[in-house]
Amino acid sequence: MRSRVRIRSRLYPAGSLVLALAAAGSVLAGTAAPASAAGSPARADLRADVNRDGRVDLGGDSDTSGEDGWSVGRGALVLPNIDDDTKRCPVSGPGGRPLTDAKLAACNDATDKKVNGGADASDLARVRSVPMPGLPADAKGSLKLTTGGKHAHLFLKRSGKWVLVTSTTRLTAAELRSGAEFGVEATDVVRDTAKWDGRVVVQLTVTSGARATTSDSVTLRVAPLLTQHHLQNTQQVMVTEVQGEGPYSRLQQKFVKELAKEVKKAGVTTPLVKFTKYADPWAQDFVEPAYVSMTGPGGKRQVMRVMLRSAQPDRDAGRELFEKVRGRDVGVVQVTDRAEPDDWSLNSMGNLETIPPYAHGGRSFPAGRIIQGWRKDSGARTSKVMSTLLKSQGMQDPLLLDTSWLGVGHVDEFVQFLPADTPRGWRIGIADPQAGLRLLRDAKSAGHGRTKMFSVPGRSDTPAPKETIDQALADRHLVADNEMAARRIAANLEILKRETGVTDDEVVRVPALYTRDSEAAADSGQEVPVPRLTRMGADADLVGALKDRGQQKWLAGNPAAPRTVTTSAYVPGAVNGVLLGRDRYLAPRQWGPVIDGKDIFTEAVGAVYRRVGLKVSYIDDWYTYHLGMGEVHCGTNTLRDASAAWWR
């Protein structure tokens, strides 16, 4: 961190400047300076909102200490102005032809070097010059971005309008005497600190006559791109609504209707955002809602949502973020490298979740910390360009968890974070396969072994699954695979406890069961699908969804990669649900064994969540998401309240 001592860059010390201006014909003696400039009427003095209160302090020193540096807690912020406040950016080409991904991303409010109305002006970081009332008539000022000039625009407010500052722009003596107002916008988020660290330095130089010069500069940094966490209240829910009249489409449309009811019951009154164009039902996977923010004029937080598109260049659903969602105070960022080999599924955003704010072990994460899965068994990781972008924000250093044992490989399949009335403010929710096995064993011991494992009804074209508790426990893989899953989950939980300081008392263990979805054939090493999902009711449409979500694309491109048994949820994964409010949780309907009129998994799951203060409701996702290796969380997304200051 740089020193907070105020450093001025100028050619002449203050005493020499007085002599130089006097020689140039300036009469400083007897010139009354306003209180805001008292004591230094002839020195260039730029100020920015260093203390982040939404006001540029010209009279005091609240915005002077540290103005040439930047830290998490102090320093002027500038927004990456990548939204589209007036919806001017095209979403199609001539004749309605689709634009390329690059062209969709090439337009935003920072690409036209204009201030597009009042909403766009609100996205500008303000910089002001302290009035210099004693300047002579021949004085003039020039402005320059000495750092970050390729990544920012500087505007001057002149006669009530914002004009772009160029190399030929000059401030008049009158403007310098009264003090000028400037606006700064960054043209992008920080993507790689090796190329740009986000700093923008504005310099004002004032000259009078041939020799008299004074200058000052102030440093701003682009606001970090931050992902949401579960202590931020849900404001809106997003979901794909698959169009058409086919069997899957009708089921999925029914899910959307039920989701809307549950969201409203939870007190979220804003209508659903529905993706309708690309029929990708996994709304959690092609986008991660994020945000940037600063304090705007008047002290109100200026928040811009940034939809972070998954680093999957062949996933067209992400295009709808530009075509439909981008607009006022909503931008989109995409990062792709088509030449980079990667695990396609790991790059889905269901594999990016955020630990709520915490401090532990000498490290502090006031905006929370990202977790992502990687395949420790094979070494496969998420895209380097995405990882570089996330790390470059300098705030939420991603923590890696091992998801080798999962076919899809997403962290949301086994871990979640829940609000809590505790000093920490949150708990970890973790899937517990041992608890799931105990439920089955207890039922068998009580004489219910012949009860159907699943109570889900069949469809006209798909019979209901007939497997019993006895058959499930007799399966040569089920017990071994869940014991393996329990070990893997326990190892990941130890990582989370070590990094965050969470204790066992702060862990919510939610009954779960997993089943292998593929295994390596011993003789060939090729990935062989296991027919269990078919026995559970999967039809051709859902088998296709399974292939789209799993690791098969990566395995096909990496034949030498080590193979391992991988699993997905057997009973719908309860931790893979949606937190709709601090006390409202929407879980996938369990469809477990019904004994004495009660679903034993629903009863056990509900009891666990109720003990930690959550009201649980359930939504049926069996045929729409569960059999495609996902749950309600995988099929939805949330926009959360990001108005709180992330730097505190």
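Which residue's side chain does a polar contact of 3.1 Å join to the side chain of Asp599? The partner is Thr602. The legends below take this site and several others in turn. The model is a predicted one.

**View 1. Asp599 and its surroundings in strand 30.** Asp599 belongs to strand 30, which spans residues 598-599. Its relative accessible area is 13%, under the 20% limit, so Asp599 counts as buried. Two polar links start from this side chain. One goes to the side chain of Thr602, at 3.1 Å. Another goes to a backbone atom: the nitrogen of Phe601 lies 2.9 Å from the Asp599 side chain. Beyond four places in sequence, Asp599 touches Ser455, Gln590, Trp591, Gly592, Pro593 and Val594. Ser455 is 144 residues away along the chain. Even so, the C-alpha atoms of Ser455 and Asp599 are 8.1 Å apart.

**View 2. Tyr278 in a loop between two strands.** Tyr278 sits in the loop that runs between strand 12 (273-275) and strand 13 (287-295). Is Tyr278 buried or partly exposed? Its relative accessible area is 24%, so Tyr278 is partly exposed. Away from its sequence neighbours, Tyr278 is in contact with Asp316, Ala317, Arg319, Glu320 and Glu323. Its side chain has a polar contact of 2.9 Å with the side chain of Glu323. Thr240 is 38 residues from Tyr278 in sequence. In space, the C-alpha atoms of the two are 8.7 Å apart.

**View 3. Glu323 on helix 6, with two polar partners.** This view moves to the other end of the Tyr278 contact. Glu323 is part of helix 6, residues 319-325. At a relative accessible area of 15%, Glu323 is buried. Which side chains does Glu323 reach by polar contacts? Tyr278 is one, at 2.9 Å. Lys277 is another, at 3.4 Å. Setting aside residues up to four places away in sequence, Glu323 touches Val91, Leu104, Lys277 and Tyr278.

**View 4. Glu181 at the start of strand 7.** Strand 7 covers residues 181-186 and includes Glu181. Glu181 has a relative accessibility of 12%, so this residue counts as buried. A polar contact of 2.9 Å ties its side chain to that of Arg126. Arg126 also appears among the residues in contact with Glu181 beyond four places in sequence. The others are Val127, Arg128, Phe155, Leu156, Lys157 and Trp162.

**View 5. Helix 8 against helix 10.** Helix 8 is made of residues 433-445, and helix 10 of residues 478-500. Their axes come within 8 Å. The crossing angle is roughly 150°. On helix 8, the contact is made by Pro433, Gln434, Leu437 and Arg441. On helix 10, Val479, Asn482, Glu483, Ala485, Ala486 and Ile489 take part. By type, the contact residues are six nonpolar, two polar and two charged.

**View 6. An open sheet of four strands.** The strands follow the order 10-13-14-15. Pairing in this sheet is mixed. Why do strand 10 (226-227) and strand 15 (330-333) stand at the edges? Each has a single partner strand, so one side of each is left without a neighbour in the sheet. Strand 10 pairs with strand 13 in the antiparallel sense, over two bridges. Within this pairing, Leu226 faces Tyr291 of strand 13.

**View 7. Helix 7 and what covers it.** Helix 7 runs over residues 384-392. Its buried residues are Met386, Ser387, Leu389, Leu390 and Ser392. Strands contribute to the cover over these residues. They include strand 9 (212-222), strand 14 (301-309), strand 15, strand 16 (352-355) and strand 19 (369-374). At the helix start, a side-chain oxygen of Ser383 comes within 3.3 Å of the backbone nitrogen of Val385. Just past the helix, Gly394 has a positive phi of about 75°.

**View 8. Confidence along the chain.** The average pLDDT of the protein is 88. Of the residues, 85% score at least 70. Residues 1-41 have a pLDDT below 50. The model gives this stretch 69 contacts beyond near neighbours in sequence. Residues 550-562 also stay under 50. For this segment, the model has 24 contacts beyond four places in sequence.

How values were computed: Residues numbered from 1 in each chain as written. Predicted model: local features only at pLDDT ≥ 70, side-chain atom pairs only at ≥ 80, totals over all residues. Heavy atoms only, no water. Buried < 20%, exposed > 50% of the residue type's maximum accessible area, 1.4 Å probe, protein only. Contact = heavy atoms within 4.5 Å. Polar contact = N/O pair within 3.5 Å; in protein donor to acceptor, adjacent residues only side chain to side chain. pLDDT = per-residue confidence, 0-100. Axes fitted to C-alpha atoms, helices over the stretch in contact; angles between N-to-C directions. Nonpolar A, V, L, I, M, F, W, Y, C, P; charged D, E, K, R; others polar. Pairing = 2+ DSSP bridges.
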